Amino acid sequence: MSSPSERYLKQATVNPHWINPHAFWYLREAASVPSTTEYILVEATHENESSRRRPAFDHSALAAKLTESTGQNVDPSNLPFRWIEFSADGPLDSVRFRFSGKVFEYKGTGELGVWEGDFGTKLEPLDGDVATIHGGPPTELTIVNKTEASVKVYWIDGSGKNLDYGSVEANGETSLQTYVDHAWLLEGGNGEKARYRAVEGAGLIILEPGWGHPKELALRNSDPGETREMAHREIFVRDGNVWVRDDSEGELQITRVEEDPSGFQFDPWKIKTSPDGKFAVVWKYTPEDPNGYTLYRIESTPADQLQPKLHSSSYPKPGQKIRIDRPCMFDLEGKREVPTDDSLFSNPYDIRDSELGWSPDSQEYRFEYNERGHKHLRIIGMNREGAIRAIIDDSSDTFIDYSQKRAYHLSPDGTELIWASERDGWNHLYLYDIQSGNVKNQITKGEWVVREIEKISWDTREIWLTVYGINPSEDPYYAHLARVHLDDPSRLTLLTSGNGTHSWKWSPPDPATGSTPSYLLDTFSRVDQLPVTILRSSSTGAALVTVEEDATPALLSEGYIPPQIFVAPGRDSQTPIHGIILPQSNLDPTKKYPIVEDIYASPHNFFTPKEFQSTWDLSSQYELASAGFVVVKLDGMGTNWRSKAFHSVCHKNLKDAGLPDRIAWIKSAAETRPWMDISRVGIYGGSAGGQSAVSALIFHHDEENSPFYKAAAADCGCHDNRIDKMWWNEAWMGWPIDESYEANSNIVHADKLKGQVLLTVGEMDDNVDPASTLQLVKKLNNLGNHDYEMLYMPGLEHGAGGGDYGRARRLRFFQRALGGPMEL
């Protein structure tokens, strides 16, 4: 049976199915009585406010009519269907549903009859191999077999493996409960085969005679790596050189790459002709290092053979030579290359035109340049005469967070551009005039950050944003939705309210009022409060109807103990650090318990849960809590989505991992919780968290050279950033490789390690090179003065230590290293 927190979370979850732009229904699953469901109708425009949320129909009356019609006993509290449909343009007083091989219609007058019209979404077979994509909402799939032979049904899991789900008999049908984006395979006895993907609603597969036989496909070679002639108006690439074609003069070769000592060649797939056809930009490139790093992994226990297998994959590492792209201007009428200066874009990590490219008047070609080392991010213009200008030039003394905060949007007429930047110390939006390169307006400002652009209306000059930290009295990581005018930052409207982190779903646009949805379904929660869902006006944020109320008191009455939210100053005794505490459910306040921190301090995000989590969602943490540990999780300096200064602590300093803030926070928490024993603190993490866990034992000792953390469990850690993948490490540690990489290495500084350590790694890890863990093991072996535990996991990939056995070993390790509850 599901835990109370899972049941109440499911009850609070609203998956709206919009009937029209003003009304939706959803299926509510009651927490207090298992297997009790109710269809709820929400009608925003109902004149009676108390009727805006109501049962979609009389469940008892429908069940009685269905029992009478079919002879089957139908329970009104758990109706035997999971999808209903209304007439999109008619009154909302009748519903249709599929049951026992038929589609019925139940009218508001109490009549029940068979519906002969369309119902559900007919699915078409997909080409090629497919696999399940996890995470979609529940849905239904009905298979109607109109052939004279049975058909086998398989669910295709996330790895592409087929799992037997029975069969559909000849001239029969079956309904499956599934999830949106799950994949299914149907196979007949004569070679018939078809794959489908589930969609929202009542998915319908109809198998007619002759189904499932593959059609001949006309295939063509589309390998962009093959250098060959490729026509593009009057300019093309042949054998790495640029040519032009003219009706009167024929073909003319413009470039001769064989004379270029840099080794550049032109890319036949990247030819961008100006709108007037008179000029073109052709991109040239030097390839990446042909001797770049290849990650080899030996699979010692393959499932399909006795002998080991060798696997390999390209795995660029920090400092490695990468492909360099460069745009070049060509005059098609003059049949010549226009000389240009590349000093503003000579050392790219990434360079692209994305949604930019040629200006509408054909006068300038624009592209984005992300410098290697990530200290400069530019929008560059190249005119037809070859002049180069930086339209936008963002720079940082530490790094520009390109992987998370790079965002720009060009206006439809190409004259304005919205640009995200941390130049004032917070991630905000700026409106640029493209022609002048000047900032017209700072769209947002304040000690809060823009997380994401939801949508833009250039007609009304409004923008909808996900923001963090906009309410000073709330956790700065709580998400809210705001709308602001592009030309006036004072015209900012917060469209969500409620102390918690918010998510939202939009209603469909109303054709009568334009493209902007009229409503948003706002859901907010905290780790200690179940979700509350409110239907709001999308223009004002005004609450129209509460769809699901806070059921936390009922959950608490069943004995649920939520995580404790705790805030305390970090290392500077000033900056608030936010985290949670998970005490065990049978905590005895007369005893003191060892503490274990779950750490993941990667700079690309924050990682402490903010929304309500069931005990299943936090299962690995609750396993430790139930075994006698106090589990904590928090975000220290160096993680993302606070101020730029907060984030930049990680720069060339990944060994820091916010650990000074974490230590201060744990000590503060223990001051008011005597049952937290700060003399026995452990730490665990995987990947970047594995690096941080070991760093805690190496780099974070007190004035007496004693570690605050007494034990660390590190899974698949990147213990030297030179061994790990290029993009993640250069993003925070910079380029070129310098002494900071060595200064942050757990391997180099392993002699400073104090405390007990458990190292786990999967031999098939292709995310973090397993050599990172093994080189740390070798260094500890060579030192010879430090005992450690090592768990090498054959056949497993990244995160191997998070599986059942890995977690069990971790628990036993902490029990040995830290002990159990002790008397105060």
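**Salt bridges and cavities in a predicted model**

Modeller: K193 and E187 form a salt bridge, with 3.6 Å between the closest N and O atoms. Keep in mind that this is a predicted model.

Biologist: K193 and E187, buried or exposed?

Modeller: Neither extreme. K193 is partly exposed at 38% relative accessibility. E187 is partly exposed too, at 22%.

Biologist: What distance do R352 and D350 have?

Modeller: Their side chains meet in a salt bridge at 2.4 Å, N to O. R352 is partly exposed, with 33% relative accessibility.

Biologist: Which residue does R571 form a salt bridge with?

Modeller: D661, with the closest N and O atoms 2.8 Å apart. R571 sits in the loop between β42 (564-569) and β43 (576-582), and D661 in helix α7 (residues 659-671), so the pair ties together parts 90 residues apart in sequence.

Biologist: And D661, buried or exposed?

Modeller: Buried, at 0% relative accessibility. Its partner R571 is partly exposed, at 33%.

Biologist: How many salt bridges in the whole structure?

Modeller: The search finds 51. There is also a network of salt bridges that links D267, K270, R323 and D325.

Biologist: Switching topic. How many cavities of 30 Å³ or more?

Modeller: Four. The largest has a volume of about 90 Å³. It is lined by 13 residues, and A601, P603, L654, A657 and S692 are the closest to its centre.

Biologist: Which helix gives the most to that lining?

Modeller: Helix α8 (residues 688-699), with three residues.

Biologist: What classes of residue line the largest cavity?

Modeller: Eight nonpolar, five polar and no charged residues.

Definitions and conventions. Residues numbered from 1 in each chain as written. Predicted model: local features only at pLDDT ≥ 70, side-chain atom pairs only at ≥ 80, totals over all residues. Heavy atoms only, no water. 1 Å grid on protein atoms, 1.4 Å probe; cavity = no way out; pocket = protein on both sides within 12 Å on 5 of 7 lines; lining within 4 Å. Points joined across faces, edges and corners; volume = space filled by probe spheres on them. Helix = DSSP H or I, 4+ residues; strand = E, 2+ residues; numbered from the N terminus. Nonpolar A, V, L, I, M, F, W, Y, C, P; charged D, E, K, R; others polar. Salt bridge = Lys/Arg side-chain N within 4 Å of Asp/Glu carboxyl O. Buried < 20%, exposed > 50% of the residue type's maximum accessible area, 1.4 Å probe, protein only.
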